[in-house]
2 protein chains.
Amino acid sequence: MPYDPSAFPPFAVTVDLVVLTVRRHALCALAVRRGEAPFQGRWALPGGFVRADEDLTQAAARELAEETGLLAHDPDAPAQDNGAHLEQLATYGDPGRDPRMRVVSVAHLALAPDLPAPRAGGDASNARWAPVEELLQQGGYGRDGEPVAPLAFDHARILADGVERARSKIEYSSLATAFCPTEFTVGELRRVYEAVWGVALDPRNFHRKVTGTPGFLVPTGGTTTRQGGRPAQLFRAGGATLLNPPMLRPEV
Amino acid sequence: MPYDPSAFPPFAVTVDLVVLTVRRHALCALAVRRGEAPFQGRWALPGGFVRADEDLTQAAARELAEETGLLAHDPDAPAQDNGAHLEQLATYGDPGRDPRMRVVSVAHLALAPDLPAPRAGGDASNARWAPVEELLQQGGYGRDGEPVAPLAFDHARILADGVERARSKIEYSSLATAFCPTEFTVGELRRVYEAVWGVALDPRNFHRKVTGTPGFLVPTGGTTTRQGGRPAQLFRAGGATLLNPPMLRPEV
DNA sequence: GTGTTTATCGTCAGGAAGACGACTATGATC
DNA sequence: GATCATAGTCGTCTTCCTGACGATAAACAC
């Protein structure tokens, strides 16, 4: 491998973000409207250039903070504060994925609890939380009957990969708690699983599973009735990051 | 996200390869000796620049072919031919990971059956299969008593990530068959698991598990005694790529 | 033949999960 | 205030899977 610094093609490197949250029982992703060509006016994933002195993770955390105000915390640290989970997803570098120049995008996956309305540089109309199914359907019609344009660039593929990563990772890790506020009930955690997987889970078996896994949930002592019905115990995420044996995703 | 093509810092983009195989009951990785500074004379992972008209996967497949002669096949296709499994691993882009310039490396993971001696541009002394434990130990001594220098750049980290990916992925997928030739026995497959995980598995329970999983193994009708002992049935990898329920890795 | 090696089949106990009954403690409705 | 709807929590039972391990089979070495 001769390594000639004068003989490499220059690339632009960006980070794109798949920011997921659960709103109204649906898995939603953050989308921003593009202000310039190409794909002007179309929805896209938030992202931007990596700066010259910046690590890839730093760039992703900076973009996340700019778009949502969320602070990222290290994926290896337990989700104690109310920051978002952030991890690298994959890298997309097809020549021609950006018509202007050769751009390699290092996509990152961020998981956040339900948030107030997003802000994209202060302009709310240019950023929104959209159900991932709406963003991924090709040329259909949204809930409001308006035609849905596919996401810009290859962002539909990136979003699909991020959603699949989240769906599989909550099986064997405690990552689902990243969608919950600091204190949450077993039922709220179950509704996260149901929204991400799009299935219904048995509340009794789910309760047995999560409370029976050592280190997964820590009771805080409090209770809440914010979901109606009988008061539920409040928990925090425990130190355990791996779920063994995993939570089984029902097939079909 | 203002997107000004004149205002992005230029990056060099490379692919680095973690090529794993199983030799003599040990998980081994392909290492090449560096001919130039920095890290001249040190061992490193094979890799090279992504060309201007090349996809990232194409670049990785090209490097793999140059180093080993192996043809990569699509990760989504079943491992039918005797090509190698190739998938993207992760991307490493710390400023300063290469002292000369800003390099972002998209690491790929390749799994291959046991091969003849490697060739690095025709020079055998500059490429070798080394047990991953030997490559990952920091400043220890190899089997021959010579001091072991750590891998160049951040390649130890990349290799460790690749090994961890392989270790976890053979749990829930049929990826272990990528380490085997086209036809193999249950015992040979078990020795792959034992080498990758570094544990001993019960031959009877392993046999029950792999032969009882529908679509995992397809008997070819033949038998072999190449391992000694009673003749063993020969199998090919079946179409199933996911193992459900997964193969459980013994703890400790 | 005897011993060794590897492959393969069987048995049994323990653990986890799916299905589901039963009970509890709230707020909402009449 | 009684009743109802809602959500949470505890148990039970059956089934499946795994880990431990005995037993048999078919080759080779001597």
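**Close-up views of a predicted protein–DNA model**

Four bridges join strand β1 (residues 12-23) of chain A to strand β2 (residues 26-33) of chain A, and the two strands run antiparallel. The model is predicted: local features need pLDDT of at least 70, side-chain atom pairs count only at pLDDT 80 or more, and totals for chains, interfaces and linings use all residues. Residues are numbered from 1 along each chain as its sequence is written, chains are lettered from A and ligands numbered from 1 in the order in which they are written, and side-chain values use heavy atoms, with hydrogens and water left out.

**View 1. The hairpin of β1(A) and β2(A) has two residues between its strands.** Strands (E, at least two residues) and helices (H or I, at least four) are DSSP runs numbered from the N terminus; two strands pair if DSSP finds at least two bridges between them. Val22(A) has Leu27(A) as its bridge partner in β2(A). In the turn, Arg24(A) has a positive phi of about 45 degrees.

**View 2. β1(A) also pairs with β7(A) and with β4(A).** Nine bridges link β1(A) in parallel to β7 (residues 103-111) of chain A, where Val103(A) stands opposite Ala12(A). With β4 (residues 47-49) of chain A, the pairing is antiparallel over three bridges; Gly48(A) is the bridge partner of Val15(A).

**View 3. Both faces of β1(A) are covered.** Of its 12 residues, 12 are buried (under 20% relative accessible area; exposed is over 50% and partly exposed in between, with a 1.4 Å probe and protein chains only). In a regular strand the side chains alternate between the two faces of the sheet. One side of β1(A) includes Ala12(A), Thr14(A) and Asp16(A), and the other includes Val13(A), Val15(A) and Arg23(A).

**View 4. Residues of both chains A and B surround DNA strand D.** Among the 25 residues around the strand (a heavy atom within 4 Å), Arg204(A), Arg230(A), Arg204(B), Arg208(B) and Lys209(B) come nearest. Sugar and phosphate make up 52% of the atoms of DNA strand D that come within 4 Å of the protein. The largest share of this surface, four residues, comes from α5(B).

**View 5. Side chains of Lys209(B), Arg191(A) and Arg208(A) make polar contacts with DNA strand D.** Such a contact is a pair of N or O atoms within 3.5 Å. A side-chain N or O atom lies 2.7 Å from a phosphate oxygen for Lys209(B) and 3.5 Å from a phosphate oxygen for Arg191(A). For Arg208(A), the partner is a base oxygen at 3.4 Å.

Note on methods:
A polar contact is a pair of N or O atoms within 3.5 Å; within protein, one must be able to donate a hydrogen and the other to accept it, and residues adjacent in sequence count only if both atoms are side-chain atoms.
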